[in-house]
Amino acid sequence: MRTAIVTGASSGIGEASARALAGDGWRVICVARRVERVERLAGELGNGAAGLRLDVTDQDSVDQFVAQVDRCDLLVNNAGGAKGTTAIADSDPAEWEWMFQTNVLGTVRVTKALLPKLLAAAAGLVINVVSIAGHYPYPGGAGYNAAKFGERALTSVLRQELAGTPVRVTELDPGLVVTEFSLVRFGWDQAAADAVYEGVEPLSAADAAEAVRWIAAQPPHVNIDSLTIAARDQIGPRKVPQTRR
Ligand code: NAP
């Protein structure tokens, strides 16, 4: 059965993508560090779904995970996130390290390990969940911006390097989406996380997941190179509250 692997499926866009793909008939392998969450999700999805532990920052974890996978037609590199909003003058190298390890190196590790299986598939597809933060830098965002610019670059290179093979590559760039993203960014400070979405109606994880489902539903000769999905109330980096009819 055509099989999708979704990283970071324990929460947010990844969890919603796993649900949307399962609804479209995919067998979904849901992976994350919080294995109890992905096991529970896989139990709900049925259709041969599995929940497995994966830490994308740890090569041994990636190797152990890939050894358990029999096929991969679709890889959704979604695991990632941000830490902190400090200016470069006050920046914490540990936060930068975390963001590069998860968003950039994690994507490379998992893609590299699954590439033989993607190439063996009839119509392989890699969807990298990047961000509009990879297009629009902003004060306090340097570490996350740099990581997502990097993830965009590697996505473009992968697309070019796989040209001539059946494997397609897509960059998906969501804007504001309500998930655990801001909680993680602000060390689980709920008030700080809520303030990010104040005055605007952000996307839901299901909205972003619908983009993943649609990209994966295209016929094999169609490559969605990039797709940006934003809330009505966000233009580029700007939040635009509703003020007129
Ligand atoms: P989220 O709810 O915090 O989900 C992040 C997921 O990444 C979790 O499932 C987490 O699982 C996983 N993850 C983090 N570190 C990991 C690691 N080392 N190994 C494996 N999995 C790891 O945030 P989200 O908004 O859904 O984020 C998903 C992706 O969308 C990220 O790449 C994010 O940068 C991107 N994005 C988010 C937004 C937004 O506004 N929310 C906008 C644009 C792009 P565990 O902690 O269980 O491992």
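Tutor: Let's start with a rule: a polar contact is a pair of N or O atoms within 3.5 Å. Keep in mind that the model we're applying it to is predicted.

Student: Okay, what makes the pairing of arginine 33 with the ligand a polar contact?

Tutor: A polar side-chain atom of arginine 33 sits 2.7 Å from an oxygen atom of the ligand. The cut-off is 3.5 Å, so the pair qualifies as a polar contact.

Student: And why does serine 10 get the label too?

Tutor: An N or O atom in the serine 10 side chain is 2.7 Å from a ligand oxygen atom. That is within 3.5 Å, so serine 10 passes as well.

Student: What about glycine 175: which part of the residue takes part, and why does it count?

Tutor: Here it's a backbone N or O atom, lying 3.4 Å from an oxygen atom of the ligand. With the limit at 3.5 Å, that pair still counts, so glycine 175 makes a polar contact. As for cover, the ligand taken alone exposes 880 Å², and the protein buries 96% of that.

Student: How many residues surround the ligand, and what puts them in that group?

Tutor: There are 32, with Ser10, Ser11, Arg33, Tyr144 and Thr179 the closest. A residue needs a heavy atom within 4 Å of the ligand, so that is what puts it in the group. Helices H1 (12-23), H4 (93-120), H5 (142-161) and H6 (181-185) each give at least two residues to this shell.

Student: How is the shell split by class?

Tutor: It has 14 nonpolar, 13 polar and five charged residues. Arg counts as charged, so Arg33 belongs to the charged class.

Student: Switching to empty space: why would a gap be called a cavity?

Tutor: A 1.4 Å probe fits there but cannot get out, so the gap is called a cavity. Two cavities of 30 Å³ or more turn up by this rule. The largest holds about 90 Å³, and the second largest about 30 Å³.

Student: What lines the largest cavity?

Tutor: It has 17 lining residues, and Thr86, Trp96, Met99, Gly140 and Gly143 lie nearest its centre. H4 and H5 each supply at least two of the lining residues. By class, the lining is six nonpolar, seven polar and four charged.

Student: And how many charged residues line the second largest cavity?

Tutor: None: its lining has three nonpolar and six polar residues. Asn77, Asn78 and Thr107 are among the lining residues. Asn and Thr are neither on the nonpolar list nor on the charged one, so these three count as polar. H4 gives the most to this lining, with four residues.

How values were computed
Residues numbered from 1 in each chain as written. Predicted model: local features only at pLDDT ≥ 70, side-chain atom pairs only at ≥ 80, totals over all residues. Heavy atoms only, no water. Polar contact = N/O pair within 3.5 Å; in protein donor to acceptor, adjacent residues only side chain to side chain. Areas by Shrake-Rupley, 256 points an atom, 1.4 Å probe, with all protein chains shown as cover. 1 Å grid on protein atoms, 1.4 Å probe; cavity = no way out; pocket = protein on both sides within 12 Å on 5 of 7 lines; lining within 4 Å. Points joined across faces, edges and corners; volume = space filled by probe spheres on them.
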